[in-house]
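Here is a set of questions and answers for a newcomer. Look at the structure first, then read on.

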Amino acid sequence: MNLRQEKQTAHYEDKVSHALLVRAIRSYLPSPGTNPLVIVCIGTDRSTGDSLGPLAGTFLQKHTIPDTYIYGTLENPVHAVNLEDTLSTIAASYRNPFIIAIDACLGKQKNIGMISVSKGPVLPGAGVNKKLLPVGDINITGIVNVSGFMEYSVLQNTRLNIVMSLSEVISRCLYLAILSRDKAGLPARMHLSRH
């Protein structure tokens, strides 16, 4: 990825472009052993559309990822009510952590199913006009449904299939990016095909 490029996007069904997501994530990660990686998966299991983060956190938790800590799962979601406390806990628990935020978002009809990797924080709650603390040194988002009208209702009525698919692709790409960061020459495509 060209580091001047602010955002890398790919559709969850376009398996060939998943390698671009892996490379984009890896290009932002600190070298192994320098900063602990903290993954904050934002959302709630009480709303289908907003469960992308907790689902991704649950998938990631099934793997052993060195020097990586996960907040936000279906069992213990990170959402509007506990986000500030979670960020305080992270700040108190790790020295200079590199935070990766994962969140669902709403967008245009034609962009549903797109995954984006961007430098900088995600703004949780922006899609439903909530002002919450920005989260992340980088962010990974998945567009789960259409924005612009009755956002809470849209999130409640989002198909679980698309949210599950997005969260699986996001968690797999992130997992591969972290595992391969000390082997930057390894083609991500080979690994993607095995999972």
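Ala, Val, Leu, Ile, Met, Phe, Trp, Tyr, Cys and Pro count as nonpolar, Asp, Glu, Lys and Arg as charged, and the others, Gly among them, as polar. The model shown is predicted.

Q: Which class, nonpolar, polar or charged, has 16 residues in the lining of the largest pocket?
A: The lining divides into three classes. Charged residues number 6 and polar residues 12. The class with 16 residues is nonpolar.

Q: Which residues lie closest to the centre of the largest pocket?
A: The largest pocket holds about 760 Å³ of space. Its lining is made up of 34 residues. Closest to the centre are Asp50, Asp103, Ala104, Pro124 and Gly125.

Q: Which element gives the most to the lining of the largest pocket?
A: Several elements supply at least two lining residues each: β1 (7-11), β4, β5 (114-119), β6 (138-146) and α4 (151-156). The top contribution is 4 residues. That comes from β4.

Q: How many bridges pair β4 with β6?
A: β4 and β6 run in the parallel sense. One bridge sets Cys105 against Ile143 in β6. The number of bridges between β4 and β6 is 8.

Q: Do β5 and β6 run parallel or antiparallel, and what stands opposite Ile115?
A: 5 bridges join β5 to β6. The two strands run antiparallel. Opposite Ile115, in β6, stands Gly142.

Q: Why is β6 largely enclosed by the rest of the structure?
A: Buried means under 20% relative accessible area. β6 has 9 residues. The strand is largely enclosed because the number of its residues that are buried is 8.

Q: How many residues of helix α1 are buried?
A: Helix α1 covers residues 18-28 and has 11 residues. The buried ones include His18, Leu21, Ile25 and Tyr28. Arg26 is also among them. The helix is mostly covered, and its buried residues number 8.

Q: What is the angle between the planes of Tyr69 and Tyr94?
A: The whole structure has 2 aromatic pairs. Tyr69 and Tyr94 form one of them, with 4.7 Å centre to centre. Tyr69 sits in strand β3 (residues 68-71), and Tyr94 in the loop between α3 (83-93) and β4 (98-107), 25 residues apart. The pair is tilted, with an angle of 35°.

Q: Is Tyr69 buried or partly exposed?
A: A residue is buried under 20% and exposed over 50%, with partly exposed in between. Tyr94 has a relative accessible area of 17%, so it is buried. Tyr69 has 33%, so it is partly exposed.

Q: How many residues apart in sequence are the parts that Tyr71 and Tyr94 tie together?
A: Tyr71 and Tyr94 form an edge-to-face pair, 6.4 Å centre to centre with 85° between the planes. Both residues are buried. Tyr71 lies in strand β3 and Tyr94 in the loop between α3 and β4, so the separation in sequence is 23 residues.

Q: Which residues form one aromatic cluster?
A: Tyr94 pairs with Tyr69. Tyr94 also pairs with Tyr71. The cluster is formed by Tyr69, Tyr71 and Tyr94.

Q: Which residues does Ser51 touch, not counting residues up to four places away in sequence?
A: Ser51 is placed in the loop between β2 (37-41) and α2 (52-61). Its relative accessibility is 5%, so Ser51 counts as buried. With residues up to four places away left out, Ser51 touches Thr44, Asp45 and Val163.

Methods
Residues are numbered from 1 along each chain as its sequence is written. This is a predicted model: local features need pLDDT of at least 70, side-chain atom pairs count only at pLDDT 80 or more; totals for chains, interfaces and linings use all residues. Side-chain values use heavy atoms; hydrogens and water are left out. Rings of Phe, Tyr and Trp (its six-membered ring) pair if their centres lie within 6.5 Å; planes under 30 degrees apart count as stacked, over 60 as edge-to-face and the rest as tilted. Buried means under 20% relative accessible area, exposed over 50%, partly exposed in between (1.4 Å probe, protein chains only). On a 1 Å grid over the protein atoms alone, a cavity is a set of points where a 1.4 Å probe fits but cannot get out, and a pocket is an open set with protein on both sides within 12 Å along at least five of seven lines; lining residues have an atom within 4 Å of a point. Grid points are joined across faces, edges and corners, and a volume is the space filled by probe spheres set on the points. Contact means heavy atoms within 4.5 Å. Two strands pair if DSSP finds at least two bridges between them.
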